[in-house]
Protein chains: 2
Amino acid sequence: MAELSRESGVAIATIKYYQREGLLPPGERTGPNQARYDQSHVQRLKLVRALLEVGGLSVAAVRDVVDEIDERNSTHNVLGVAQYSLPLRQVEVDDEARAWAMKQLAVVAEERDWRLLPGTPPTEALVSVLCSFRELGHARLLTVLDRYADVADRIAEADLDSVAGLDSTEAIVESAVVGTVLGDVLLAALRRLAQGAASRRRFADKTATS
Amino acid sequence: MAELSRESGVAIATIKYYQREGLLPPGERTGPNQARYDQSHVQRLKLVRALLEVGGLSVAAVRDVVDEIDERNSTHNVLGVAQYSLPLRQVEVDDEARAWAMKQLAVVAEERDWRLLPGTPPTEALVSVLCSFRELGHARLLTVLDRYADVADRIAEADLDSVAGLDSTEAIVESAVVGTVLGDVLLAALRRLAQGAASRRRFADKTATS
DNA sequence: CCATCATGGATAGCTTCACTATCCATGATG
DNA sequence: CATCATGGATAGTGAAGCTATCCATGATGG
């Protein structure tokens with residue numbers, strides 16, 4: 001275990017905590033007070049740290065994700081993990097606002113064959129965001145919805161391409177999870193850079209210090 | 001203040017807390033122990049709640065953002081707020097990995113005229129994500145980088161279009177902030193839906209329950 | 001063979017964050 | 001004039017994510 005700690009840079013007490021929380025499977029027991037950890041434990045620990053630190057997931061969310069990875073053994077619906085076990089921000093809204101938001105979403109979802117299921121994290125997150133736009137008096141931001149939906153389709157294609165061709169189901173699922181969680185962060189950061197560049201282009205702002 | 005609380009659904013104690021933390025300006029004083037709050041306070045409070053609950057920002061990040069909104073009075077570089085005062089996840093990496101990541105990024109940044117400044121949040125977040133991909137043995141996910149960069153450009157154009165034409169600088173800046181923060185959430189949720197649809201298309205999976 | 005030391009397991013403590021509750025002096029209000 | 005809400009300060013709460021301590025056991029070295 002000391003080695004596992006050294007290899008991963010995670011404190012021993014923290015590793016024990018992760019085991020208690022079910023983020024990390026127990027080592028292979030070699031005696032009542034001895035256990036061996038192999039490369040798969042190192043890999044899992046790295047995954048956990050990446051999801052926590054880079055992906056910003058909570059410990060509970062990481063537990064859900066790794067549980068899903070472990071018990072998922074059919075190839076079908078690999079991205080379902082990402083769909084339903086990954087948390088997205090949501091907030092409660094009143095019925096009128098909700099109905100309005102669902103109507104906006106139904107339009108973009110229908111022409112793309114998306115399944116807009118009420119109660120699922122992505123749908124609820126979308127409702128939250130749209131209602132916030134409206135509530136804040138920035139309904140103008142809704143104009144981006146259709147274009148965002150277009151790029152979302154392109155992103156999803158890229159995501160599937162990136163995991164297509166992997167052999168083991170486990171590898172596909174893990175890759176899909178990493179790609180989904182860290183992909184959100186990746187995209188947000190790229191968007192910032194692109195915004196900066198676009199802003200500069202558009203305003204031809206010589207004085208920009210950023 | 002009771003009215004402000006009722007109107008916004010935020011507890012009085014919480015409003016006081018936000019004032020202490022500088023998220024909300026004090027009311028216009030009408031006496032030593034009386035203050036008046038107007039519509040701008042209601043609006044600001046809604047903004048704060050949206051950034052906290054839907055956007056997932058910390059109280060400290062929201063303070064930075066509203067400070068930026070308030071003291072920003074030139075039109076130039078409005079999206080700079082989003083660029084530099086918004087937090088993105090980052091993690092420390094060793095020099096070798098960092099150099100490798102920067103090289104990958106330099107390629108995509110250069111052909112798009114993006115400014116890849118070391119030390120800035122977007123750049124550091126990108127380095128973190130790329131290093132995680134590599135560290136986790138999912139370097140294959142790097143193939144998405146170029147396509148993600150393309151869509152980031154398109155998103156940025158949509159973002160600028162959505163705030164173009166607003167008259168007051170304050171409105172532009174606030175809209176840009178809201179659009180950036182909630183836009184991240186919006187995009188992540190749309191991506192999930194698109195992934196589900198793409199996954200279904202590609203695997204023609206009749207048994208999918210999701 | 002015996003002293004030492006790391007290990008696994010359990011439990012309690014720590015720090016930060018985002019609130020929440022209490023107290024108090026003041027002054028508005030019926 | 002009695003009451004009650006307000007603004008301000010301070011302390012307390014609960015969750016989250018570690019971190020530290022303790023203990024019995026058994027591996028390890030001289």
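# A tour from helix 8 to the DNA

Begin by selecting helix 8 of chain B, which has 20 residues and reaches 29 Å from its first C-alpha to its last, close to the 28 Å expected at 1.5 Å a residue. Bear in mind throughout that this is a predicted model. If you now display the surroundings of helix 8 of chain B, you will find that 14 of its 20 residues are buried, so this helix is largely enclosed by the rest of the structure. Following helix 8 of chain B is B:Gly165, whose phi is positive, near 90°.

Next, select B:Tyr148 together with A:Tyr148. Within the largest nonpolar core, which holds 108 residues, these two tyrosines touch the most other members. To see what surrounds one of them, keep B:Tyr148 in view and add A:Ile155, A:Ala158, A:Leu186, A:Leu187 and A:Leu190, with which B:Tyr148 is in contact once its neighbours within four places in sequence are left aside.

From here, colour the two protein chains separately and look at where they meet. Here 75 residues of chain B are in contact with 76 residues of chain A. On the side of chain B that touches chain A, at least two residues each are supplied by helix 3 (39-54), helix 5 (80-85), helix 7 (121-135), helix 8 (144-163) and helix 9 (169-203) of chain B. Helix 9 of chain B is the one to highlight, since the largest share of this side, 22 residues, comes from it. Coloured by class, the residues on the side of chain B that touches chain A divide into 40 nonpolar, 17 polar and 18 charged.

How, then, can chain B be laid on chain A? A turn of 180° with a shift of 0.0 Å along the axis superposes chain B on chain A with an RMSD of 0.0 Å. The two copies are therefore related as by a two-fold rotation axis. The same surface serves both copies, in that 100% of the contact residues of chain B recur in chain A. To locate the axis in the viewer, select B:Val151, which of the residues of chain B comes closest to the rotation axis, with its C-alpha at 2.9 Å.

Move now to DNA strand D, and select the 20 residues that surround this strand, the closest being A:Ser58, A:Val59, B:Met1, B:Ala2 and B:Ala35. The elements that give two or more residues to this surface are helix 2 (12-20) and helix 4 (59-71) of chain A, together with strand 2 (34-36) of chain B. Helix 2 of chain A gives the most to the surface near DNA strand D, with three residues. By class, that surface is made of eleven nonpolar, eight polar and one charged residues.

While helix 2 of chain A is selected, pick out A:Tyr17, which is found in this helix. Is A:Tyr17 buried or partly exposed? It counts as partly exposed, because it has 14 C-beta neighbours inside 10 Å. For a sense of distance, add A:Glu135, which lies 118 residues from A:Tyr17 along the chain and whose C-alpha atom is separated from that of A:Tyr17 by 42 Å.

Finish at DNA strand C, where 20 residues lie around the strand and A:Met1, A:Ala35, B:Gly31, B:Ser58 and B:Val59 come nearest. Here strand 2 (34-36) of chain A, with helix 2 (12-20) and helix 4 (59-71) of chain B, each supply at least two residues of the surface. Helix 2 of chain B gives the most to the surface near DNA strand C, with three residues, and the residues of that surface comprise eleven nonpolar, eight polar and one charged.

How values were computed. Residues numbered from 1 in each chain as written. Chains lettered and ligands numbered in written order. Predicted model: local features only at pLDDT ≥ 70, side-chain atom pairs only at ≥ 80, totals over all residues. Near = placed C-beta within 6 Å. Helix = DSSP H or I, 4+ residues; strand = E, 2+ residues; numbered from the N terminus. Nonpolar A, V, L, I, M, F, W, Y, C, P; charged D, E, K, R; others polar. Least-squares fit on C-alpha atoms with pLDDT ≥ 70 in both. Contact = placed C-beta atoms within 7 Å. Core = buried A, V, L, I, M, F, W, Y, C linked by C-beta atoms within 7 Å. Buried ≥ 20, exposed ≤ 12 C-beta atoms within 10 Å, placed from the backbone. Expected span 1.5 Å × (residues − 1).
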